[in-house]
Amino acid sequence: MPMTRYALMDLELQDPTPVLEVPLGYQGLAVVFRRGGRVVGFELEALLPGGSPEIRSRASQAARRGLLTALQEDIRRELAPQSARPANPSVTVVICTHNQTERLARCLASLERMEQPAGAGRPEILVVDNAPPNDATECLVRLSAGVRYVQELRQGLDFARNRAIAEATGEILAFLDDDVVADRFWYQALLEAINQAPGAGAVTGSLLPFELETTAQVLFERRGGFRRGFEYRCYAGQDLPGNPLYPCGAGIFGTGGNMAFRRSVLQELGGFDEALDTGRPLAGGGDLDMFYRVIRAGHPLVYDPSVVGFHQHRRTRAQLRRQYWTWGTGFMAYARKSYLADPPMRSRWRRMVIWWFKDQVRSLLHSVIGRNPTPPGMVLAELAGGVIGIAGEYERSLRRVQRIREAVS
(Lines give C-alpha, C1' and ligand atoms only; values in the text may rest on other atoms or scores of the structure.)
Protein backbone atom coordinates (compact mmCIF):
# COMPACT_ATOMS: atom_id res chain seq x y z
CA MET A 1 0.00 0.00 0.00
CA PRO A 2 1.53 3.40 -1.00
CA MET A 3 2.48 5.81 1.75
CA THR A 4 0.26 8.85 2.27
CA ARG A 5 2.07 12.04 3.24
CA TYR A 6 0.82 15.56 3.85
CA ALA A 7 3.10 18.58 3.61
CA LEU A 8 3.00 20.69 6.78
CA MET A 9 3.62 24.42 6.44
CA ASP A 10 2.99 27.76 8.09
CA LEU A 11 1.02 30.59 6.50
CA GLU A 12 1.30 34.08 7.97
CA LEU A 13 -2.03 35.87 7.45
CA GLN A 14 -0.33 39.27 7.51
CA ASP A 15 1.94 38.30 4.63
CA PRO A 16 0.56 39.95 1.47
CA THR A 17 2.16 37.35 -0.83
CA PRO A 18 2.08 33.97 0.93
CA VAL A 19 3.62 31.00 -0.87
CA LEU A 20 1.46 27.90 -0.79
CA GLU A 21 2.61 24.95 -2.87
CA VAL A 22 2.39 21.20 -2.38
CA PRO A 23 5.83 19.59 -2.87
CA LEU A 24 6.15 16.56 -5.09
CA GLY A 25 5.51 13.26 -3.34
CA TYR A 26 2.81 14.59 -1.02
CA GLN A 27 -0.88 13.77 -1.26
CA GLY A 28 -2.20 16.64 0.81
CA LEU A 29 -1.45 19.79 2.72
CA ALA A 30 -1.72 20.79 6.38
CA VAL A 31 -1.56 24.54 6.96
CA VAL A 32 -0.86 26.22 10.29
CA PHE A 33 -2.28 29.75 10.07
CA ARG A 34 -0.48 32.45 12.02
CA ARG A 35 -1.22 36.10 12.66
CA GLY A 36 1.72 38.09 13.90
CA GLY A 37 3.49 34.78 14.50
CA ARG A 38 0.76 33.43 16.80
CA VAL A 39 -1.16 30.32 15.72
CA VAL A 40 -4.82 31.12 14.97
CA GLY A 41 -6.00 28.20 12.84
CA PHE A 42 -5.27 24.90 11.17
CA GLU A 43 -6.56 23.29 8.00
CA LEU A 44 -6.05 19.80 6.58
CA GLU A 45 -6.76 19.17 2.91
CA ALA A 46 -6.27 16.16 0.65
CA LEU A 47 -4.78 16.87 -2.78
CA LEU A 48 -7.76 16.72 -5.15
CA PRO A 49 -7.73 16.54 -8.96
CA GLY A 50 -6.36 19.83 -10.19
CA GLY A 51 -3.45 19.84 -7.75
CA SER A 52 -2.19 22.96 -6.05
CA PRO A 53 -4.79 25.42 -7.38
CA GLU A 54 -7.56 23.49 -5.63
CA ILE A 55 -5.49 23.33 -2.47
CA ARG A 56 -4.78 27.05 -2.79
CA SER A 57 -8.49 27.86 -3.15
CA ARG A 58 -9.46 25.77 -0.16
CA ALA A 59 -6.60 27.11 1.94
CA SER A 60 -7.64 30.67 1.06
CA GLN A 61 -11.08 29.92 2.45
CA ALA A 62 -9.46 28.46 5.56
CA ALA A 63 -7.25 31.54 5.86
CA ARG A 64 -10.32 33.74 5.95
CA ARG A 65 -11.75 31.55 8.72
CA GLY A 66 -8.45 31.79 10.59
CA LEU A 67 -8.44 35.57 10.26
CA LEU A 68 -12.05 35.73 11.50
CA THR A 69 -11.11 33.58 14.50
CA ALA A 70 -8.19 35.89 15.27
CA LEU A 71 -10.39 39.00 15.05
CA GLN A 72 -13.00 37.41 17.30
CA GLU A 73 -10.26 36.65 19.83
CA ASP A 74 -9.07 40.27 19.67
CA ILE A 75 -12.61 41.45 20.38
CA ARG A 76 -12.98 38.98 23.26
CA ARG A 77 -9.79 40.23 24.86
CA GLU A 78 -10.78 43.88 24.41
CA LEU A 79 -14.22 43.32 25.94
CA ALA A 80 -12.87 41.36 28.91
CA PRO A 81 -13.19 43.24 32.20
CA GLN A 82 -10.10 45.35 32.74
CA SER A 83 -8.36 45.20 36.07
CA ALA A 84 -4.90 45.74 37.45
CA ARG A 85 -2.49 43.40 35.70
CA PRO A 86 -1.68 40.57 38.11
CA ALA A 87 1.89 39.62 38.79
CA ASN A 88 2.99 36.74 36.60
CA PRO A 89 2.93 33.51 38.59
CA SER A 90 6.00 31.35 38.80
CA VAL A 91 5.85 28.41 36.38
CA THR A 92 7.47 24.99 36.37
CA VAL A 93 7.43 23.23 33.00
CA VAL A 94 7.32 19.49 33.68
CA ILE A 95 8.41 16.86 31.18
CA CYS A 96 7.86 13.28 32.34
CA THR A 97 9.88 10.89 30.21
CA HIS A 98 10.91 7.25 29.91
CA ASN A 99 13.80 6.24 27.66
CA GLN A 100 13.09 8.81 24.91
CA THR A 101 16.24 10.93 24.78
CA GLU A 102 15.87 12.02 21.14
CA ARG A 103 12.35 13.30 21.64
CA LEU A 104 13.26 14.87 24.98
CA ALA A 105 16.19 16.74 23.41
CA ARG A 106 13.86 18.17 20.78
CA CYS A 107 11.30 19.22 23.40
CA LEU A 108 13.97 20.92 25.53
CA ALA A 109 15.35 22.70 22.47
CA SER A 110 11.89 24.14 21.73
CA LEU A 111 11.67 25.51 25.28
CA GLU A 112 15.04 27.16 24.82
CA ARG A 113 13.75 28.95 21.68
CA MET A 114 10.57 30.31 23.31
CA GLU A 115 9.75 34.01 23.28
CA GLN A 116 10.34 35.50 26.71
CA PRO A 117 7.37 37.69 27.76
CA ALA A 118 8.21 41.13 29.09
CA GLY A 119 8.22 41.23 32.87
CA ALA A 120 8.13 37.46 33.28
CA GLY A 121 10.87 35.30 34.72
CA ARG A 122 12.03 32.24 32.85
CA PRO A 123 10.13 29.12 33.88
CA GLU A 124 11.73 26.37 35.87
CA ILE A 125 12.15 23.31 33.66
CA LEU A 126 11.90 19.97 35.45
CA VAL A 127 12.54 16.60 33.80
CA VAL A 128 11.17 13.61 35.68
CA ASP A 129 12.95 10.45 34.52
CA ASN A 130 10.46 7.64 35.08
CA ALA A 131 11.99 4.20 35.86
CA PRO A 132 15.05 4.83 33.67
CA PRO A 133 16.69 1.73 32.16
CA ASN A 134 20.03 3.55 31.86
CA ASP A 135 21.62 6.97 32.46
CA ALA A 136 21.08 8.36 28.93
CA THR A 137 18.34 10.78 29.98
CA GLU A 138 20.31 11.95 33.00
CA CYS A 139 23.38 12.61 30.85
CA LEU A 140 21.30 14.60 28.36
CA VAL A 141 19.69 16.76 31.04
CA ARG A 142 22.98 17.38 32.85
CA LEU A 143 24.23 18.98 29.62
CA SER A 144 21.11 21.19 29.32
CA ALA A 145 21.56 24.53 31.03
CA GLY A 146 18.85 25.53 33.47
CA VAL A 147 17.08 22.17 33.51
CA ARG A 148 16.49 20.22 36.73
CA TYR A 149 16.58 16.43 36.77
CA VAL A 150 14.85 14.05 39.17
CA GLN A 151 14.18 10.31 39.06
CA GLU A 152 10.97 8.50 39.88
CA LEU A 153 11.73 4.80 40.15
CA ARG A 154 8.11 3.61 40.29
CA GLN A 155 7.09 3.08 36.68
CA GLY A 156 3.92 4.85 35.66
CA LEU A 157 3.21 8.30 34.24
CA ASP A 158 1.14 9.43 37.21
CA PHE A 159 3.86 8.38 39.63
CA ALA A 160 6.10 10.74 37.65
CA ARG A 161 3.50 13.53 37.61
CA ASN A 162 3.05 13.26 41.37
CA ARG A 163 6.80 13.37 41.87
CA ALA A 164 6.76 16.64 39.90
CA ILE A 165 4.12 18.08 42.26
CA ALA A 166 6.43 17.31 45.18
CA GLU A 167 9.59 18.64 43.50
CA ALA A 168 8.41 21.69 41.56
CA THR A 169 8.82 25.22 42.89
CA GLY A 170 6.35 26.99 40.58
CA GLU A 171 2.83 28.09 41.44
CA ILE A 172 1.79 26.72 38.04
CA LEU A 173 2.78 23.25 36.83
CA ALA A 174 2.71 23.05 33.04
CA PHE A 175 2.99 19.50 31.71
CA LEU A 176 4.37 18.80 28.23
CA ASP A 177 4.83 15.30 26.85
CA ASP A 178 8.34 14.49 25.68
CA ASP A 179 7.05 14.01 22.10
CA VAL A 180 5.71 17.59 21.99
CA VAL A 181 7.50 20.62 20.60
CA ALA A 182 6.38 23.90 22.17
CA ASP A 183 5.44 26.72 19.83
CA ARG A 184 7.62 29.82 20.03
CA PHE A 185 4.81 31.72 21.78
CA TRP A 186 3.70 28.84 24.04
CA TYR A 187 4.97 30.35 27.32
CA GLN A 188 3.71 33.83 26.52
CA ALA A 189 0.25 32.48 25.63
CA LEU A 190 0.17 30.34 28.78
CA LEU A 191 0.88 33.32 31.03
CA GLU A 192 -1.77 35.38 29.22
CA ALA A 193 -4.34 32.59 29.69
CA ILE A 194 -3.53 32.31 33.41
CA ASN A 195 -3.66 36.07 33.96
CA GLN A 196 -6.98 36.41 32.10
CA ALA A 197 -8.57 33.73 34.29
CA PRO A 198 -6.83 34.07 37.66
CA GLY A 199 -9.38 31.83 39.39
CA ALA A 200 -8.95 28.92 37.01
CA GLY A 201 -7.59 25.68 38.41
CA ALA A 202 -6.34 24.43 35.04
CA VAL A 203 -5.44 25.65 31.55
CA THR A 204 -5.17 23.41 28.52
CA GLY A 205 -3.90 24.23 25.05
CA SER A 206 -4.07 22.86 21.54
CA LEU A 207 -1.91 20.14 20.03
CA LEU A 208 -1.22 20.20 16.30
CA PRO A 209 0.82 17.68 14.30
CA PHE A 210 4.60 17.98 14.30
CA GLU A 211 4.76 16.01 11.05
CA LEU A 212 2.46 14.09 8.70
CA GLU A 213 5.01 11.91 6.97
CA THR A 214 3.30 8.52 7.28
CA THR A 215 -0.11 7.09 6.52
CA ALA A 216 -0.75 6.42 10.21
CA GLN A 217 -0.07 10.06 11.10
CA VAL A 218 -2.39 11.30 8.35
CA LEU A 219 -5.13 8.86 9.39
CA PHE A 220 -4.92 10.06 12.97
CA GLU A 221 -5.08 13.73 12.02
CA ARG A 222 -7.93 13.19 9.55
CA ARG A 223 -9.94 11.72 12.40
CA GLY A 224 -9.35 14.91 14.37
CA GLY A 225 -6.05 14.24 16.10
CA PHE A 226 -5.77 16.07 19.41
CA ARG A 227 -7.49 19.19 18.10
CA ARG A 228 -10.23 20.88 20.14
CA GLY A 229 -10.83 23.82 17.81
CA PHE A 230 -9.69 27.44 17.96
CA GLU A 231 -12.39 28.89 20.18
CA TYR A 232 -11.41 30.04 23.66
CA ARG A 233 -13.56 28.35 26.31
CA CYS A 234 -13.88 28.65 30.06
CA TYR A 235 -15.62 25.68 31.67
CA ALA A 236 -17.13 26.38 35.08
CA GLY A 237 -19.88 24.81 37.13
CA GLN A 238 -21.38 21.35 37.05
CA ASP A 239 -23.58 21.72 33.97
CA LEU A 240 -23.07 22.84 30.39
CA PRO A 241 -26.07 23.87 28.26
CA GLY A 242 -26.54 21.48 25.35
CA ASN A 243 -24.32 18.79 26.87
CA PRO A 244 -26.30 16.57 29.26
CA LEU A 245 -23.26 14.33 29.87
CA TYR A 246 -20.96 17.15 31.03
CA PRO A 247 -18.40 16.93 32.64
CA CYS A 248 -18.07 13.15 32.19
CA GLY A 249 -16.74 13.37 28.64
CA ALA A 250 -13.59 15.07 29.87
CA GLY A 251 -11.92 14.86 26.46
CA ILE A 252 -13.57 18.17 25.57
CA PHE A 253 -11.30 19.92 28.07
CA GLY A 254 -8.02 19.20 26.30
CA THR A 255 -5.24 16.66 26.39
CA GLY A 256 -2.52 15.61 28.81
CA GLY A 257 0.25 16.41 26.36
CA ASN A 258 -0.26 20.15 26.88
CA MET A 259 -1.92 21.04 30.19
CA ALA A 260 -1.23 23.24 33.20
CA PHE A 261 -2.59 23.35 36.76
CA ARG A 262 -2.26 25.46 39.83
CA ARG A 263 -0.02 23.46 42.11
CA SER A 264 -2.31 24.24 45.06
CA VAL A 265 -5.25 22.66 43.21
CA LEU A 266 -3.27 19.50 42.45
CA GLN A 267 -2.31 19.27 46.13
CA GLU A 268 -5.90 19.89 47.23
CA LEU A 269 -7.08 17.00 45.01
CA GLY A 270 -4.40 14.62 46.24
CA GLY A 271 -2.45 14.53 42.99
CA PHE A 272 -2.95 12.29 39.98
CA ASP A 273 -4.47 8.83 40.32
CA GLU A 274 -1.48 6.49 40.10
CA ALA A 275 -3.69 3.56 39.06
CA LEU A 276 -4.20 5.30 35.70
CA ASP A 277 -1.48 5.80 33.07
CA THR A 278 0.49 2.81 34.34
CA GLY A 279 1.72 1.72 30.91
CA ARG A 280 0.68 -1.65 29.54
CA PRO A 281 -2.11 -2.60 29.82
CA LEU A 282 -3.61 0.68 31.08
CA ALA A 283 -1.72 3.54 29.43
CA GLY A 284 -4.24 6.35 29.76
CA GLY A 285 -6.97 8.09 31.68
CA GLY A 286 -4.97 10.14 34.17
CA ASP A 287 -5.41 13.47 32.39
CA LEU A 288 -9.18 12.94 31.91
CA ASP A 289 -9.55 12.00 35.56
CA MET A 290 -7.77 15.17 36.70
CA PHE A 291 -9.77 17.43 34.37
CA TYR A 292 -12.98 15.89 35.72
CA ARG A 293 -11.92 16.25 39.35
CA VAL A 294 -10.90 19.89 38.85
CA ILE A 295 -14.39 20.70 37.53
CA ARG A 296 -16.15 18.63 40.20
CA ALA A 297 -14.16 20.44 42.90
CA GLY A 298 -15.57 23.74 41.63
CA HIS A 299 -12.50 25.11 39.87
CA PRO A 300 -12.89 26.64 36.38
CA LEU A 301 -10.90 25.07 33.56
CA VAL A 302 -9.78 27.18 30.60
CA TYR A 303 -9.08 25.88 27.10
CA ASP A 304 -6.97 28.43 25.23
CA PRO A 305 -6.05 27.34 21.69
CA SER A 306 -3.25 29.90 21.48
CA VAL A 307 -1.21 27.77 23.93
CA VAL A 308 0.13 25.59 21.13
CA GLY A 309 2.29 22.49 21.04
CA PHE A 310 3.18 20.23 18.12
CA HIS A 311 2.88 16.50 18.74
CA GLN A 312 4.73 13.71 16.94
CA HIS A 313 1.97 11.24 16.15
CA ARG A 314 2.53 7.48 15.99
CA ARG A 315 4.35 6.66 12.77
CA THR A 316 3.10 3.13 12.10
CA ARG A 317 -0.34 1.60 11.83
CA ALA A 318 0.50 -0.88 14.61
CA GLN A 319 1.46 1.97 16.95
CA LEU A 320 -1.70 3.88 16.05
CA ARG A 321 -3.87 0.82 16.59
CA ARG A 322 -2.25 0.41 20.00
CA GLN A 323 -2.98 4.06 20.80
CA TYR A 324 -6.66 3.64 19.99
CA TRP A 325 -6.73 0.55 22.21
CA THR A 326 -5.26 2.54 25.10
CA TRP A 327 -7.76 5.33 24.49
CA GLY A 328 -10.56 2.83 24.93
CA THR A 329 -9.14 1.19 28.04
CA GLY A 330 -8.08 4.52 29.56
CA PHE A 331 -11.41 6.21 29.05
CA MET A 332 -13.45 3.32 30.39
CA ALA A 333 -11.15 2.76 33.38
CA TYR A 334 -11.52 6.47 34.19
CA ALA A 335 -15.29 6.14 33.71
CA ARG A 336 -15.53 3.14 36.03
CA LYS A 337 -13.38 4.81 38.67
CA SER A 338 -15.48 8.00 38.51
CA TYR A 339 -18.74 6.06 38.66
CA LEU A 340 -17.61 4.33 41.84
CA ALA A 341 -16.07 7.42 43.45
CA ASP A 342 -18.76 9.99 42.61
CA PRO A 343 -22.25 8.61 43.47
CA PRO A 344 -24.17 11.86 42.70
CA MET A 345 -23.04 11.58 39.06
CA ARG A 346 -23.82 7.89 38.53
CA SER A 347 -26.90 8.38 36.37
CA ARG A 348 -24.91 10.73 34.11
CA TRP A 349 -22.07 8.23 33.97
CA ARG A 350 -24.42 5.41 32.95
CA ARG A 351 -25.67 7.53 30.06
CA MET A 352 -22.10 8.46 29.18
CA VAL A 353 -20.99 4.83 28.89
CA ILE A 354 -24.04 3.89 26.80
CA TRP A 355 -23.45 6.85 24.50
CA TRP A 356 -19.74 5.98 24.11
CA PHE A 357 -20.39 2.40 23.01
CA LYS A 358 -23.16 3.49 20.63
CA ASP A 359 -20.85 6.11 19.15
CA GLN A 360 -18.08 3.54 18.66
CA VAL A 361 -20.46 1.13 16.91
CA ARG A 362 -21.68 3.97 14.70
CA SER A 363 -18.07 4.88 13.87
CA LEU A 364 -17.36 1.25 12.99
CA LEU A 365 -20.35 1.06 10.63
CA HIS A 366 -19.33 4.33 8.97
CA SER A 367 -15.79 2.99 8.60
CA VAL A 368 -17.01 -0.20 6.92
CA ILE A 369 -19.06 1.74 4.36
CA GLY A 370 -16.30 4.29 3.74
CA ARG A 371 -17.78 7.30 5.56
CA ASN A 372 -15.11 7.32 8.29
CA PRO A 373 -11.41 7.81 7.39
CA THR A 374 -10.33 5.53 10.25
CA PRO A 375 -9.92 1.88 9.15
CA PRO A 376 -12.34 -0.61 10.77
CA GLY A 377 -9.52 -2.43 12.56
CA MET A 378 -8.54 0.71 14.45
CA VAL A 379 -12.11 1.51 15.43
CA LEU A 380 -12.44 -2.07 16.64
CA ALA A 381 -9.25 -1.67 18.68
CA GLU A 382 -10.70 1.32 20.55
CA LEU A 383 -14.02 -0.48 21.03
CA ALA A 384 -12.30 -3.62 22.34
CA GLY A 385 -10.16 -1.50 24.65
CA GLY A 386 -13.31 0.06 26.04
CA VAL A 387 -14.77 -3.38 26.78
CA ILE A 388 -11.61 -4.33 28.68
CA GLY A 389 -11.60 -1.00 30.49
CA ILE A 390 -15.18 -1.19 31.73
CA ALA A 391 -14.78 -4.82 32.78
CA GLY A 392 -12.72 -4.14 35.88
CA GLU A 393 -9.42 -2.86 34.47
CA TYR A 394 -9.28 -0.07 37.05
CA GLU A 395 -9.53 -2.55 39.92
CA ARG A 396 -6.85 -4.73 38.33
CA SER A 397 -4.65 -1.67 37.95
CA LEU A 398 -5.09 -0.79 41.62
CA ARG A 399 -3.62 -4.19 42.49
CA ARG A 400 -0.73 -3.71 40.02
CA VAL A 401 0.06 -0.30 41.47
CA GLN A 402 0.15 -1.72 44.96
CA ARG A 403 2.71 -4.28 43.82
CA ILE A 404 4.77 -1.50 42.22
CA ARG A 405 4.74 0.48 45.47
CA GLU A 406 5.80 -2.58 47.44
CA ALA A 407 8.60 -3.41 44.98
CA VAL A 408 10.01 0.14 45.07
CA SER A 409 9.79 1.32 48.62
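Strands, here, are DSSP runs of at least two residues, numbered from the N terminus. That numbering gives names such as β11, the strand with the highest contribution, three residues, to the lining of the second largest cavity. The model is predicted.

**Overview**

The protein has 11 helices and 12 strands. Of its 409 residues, 52% are buried. Its exposed area is about 18000 Å², and carbon and sulfur atoms supply 55% of that area. Contacts reach across the sequence. Among those between residues at least 6 apart, 73% join residues at least 24 apart.

**Two cavities**

Rolling a probe the size of a water molecule over the atoms shows where empty space is left. How many cavities of 30 Å³ or more does a search of the whole structure find? It finds two. The table sets them side by side.

| Cavity | Volume | Lining by class | Element giving the most |
|---|---|---|---|
| Largest | about 50 Å³ | six nonpolar, one polar, two charged residues | β4, three residues |
| Second largest | about 40 Å³ | eight nonpolar, one polar, one charged residue | β11, three residues |

The largest cavity is lined by Val94, Ile95, Cys96, Leu157, Arg161, Phe175, Leu176, Asp177 and Gly256. Three elements give two or more residues to this lining: β4 (91-97), α4 (157-167) and β7 (172-176).

Which residues line the second largest cavity? They are Ile172, Ile194, Ala197, Ala200, Gly201, Ala202, Val203, Ala260, Phe261 and Arg262. Here β9 (202-209) and β11 (258-262) each supply at least two residues.

**Strands β4 and β5**

Strand β4, which gives three residues to the largest cavity's lining, also pairs with β5. The two strands run in the parallel sense, over six bridges. In one of these links, threonine 92 has glutamate 124 of β5 as its bridge partner.

Why is β5 (residues 124-130) described as largely enclosed by the rest of the structure? Seven of its seven residues are buried, so the strand is largely enclosed. Both faces fit this picture. Glu124, Leu126, Val128 and Asn130 point one way from β5, and all are buried. Ile125, Val127 and Asp129 point the other way, and they are buried too.

**Backbone details in the loops**

Two residues other than glycine have a positive phi. Asparagine 99 has a phi near 60°. Its place is in the loop between β4 and α2 (101-112). Aspartate 277 has a phi of about 55°. This aspartate sits in the loop between α7 (263-268) and α8 (286-296).

Are these residues buried or exposed, or in between? The cut-offs decide: buried means under 20% relative accessible area, and partly exposed lies between that and 50%. Asparagine 99 counts as partly exposed because its relative accessibility is 40%. Aspartate 277 has a relative accessible area of 8%, so it is buried.

One peptide bond also deserves a look. The bond from tyrosine 246 to proline 247 is cis, with omega near 0°. Proline 247 lies in the loop between β10 (233-235) and β11. That loop leads back to β11, which gives three residues to the lining of the second largest cavity.

Definitions and conventions:
Residues are numbered from 1 along each chain as its sequence is written. This is a predicted model: local features need pLDDT of at least 70, side-chain atom pairs count only at pLDDT 80 or more; totals for chains, interfaces and linings use all residues. Side-chain values use heavy atoms; hydrogens and water are left out. On a 1 Å grid over the protein atoms alone, a cavity is a set of points where a 1.4 Å probe fits but cannot get out, and a pocket is an open set with protein on both sides within 12 Å along at least five of seven lines; lining residues have an atom within 4 Å of a point. Grid points are joined across faces, edges and corners, and a volume is the space filled by probe spheres set on the points. Helices (H or I, at least four residues) and strands (E, at least two) are DSSP runs, numbered from the N terminus. Ala, Val, Leu, Ile, Met, Phe, Trp, Tyr, Cys and Pro count as nonpolar, Asp, Glu, Lys and Arg as charged, and the others, Gly among them, as polar. Buried means under 20% relative accessible area, exposed over 50%, partly exposed in between (1.4 Å probe, protein chains only). Contact means heavy atoms within 4.5 Å. Accessible areas come from the Shrake-Rupley method with a 1.4 Å probe; for residues, only the protein chains shown count as cover. Two strands pair if DSSP finds at least two bridges between them.
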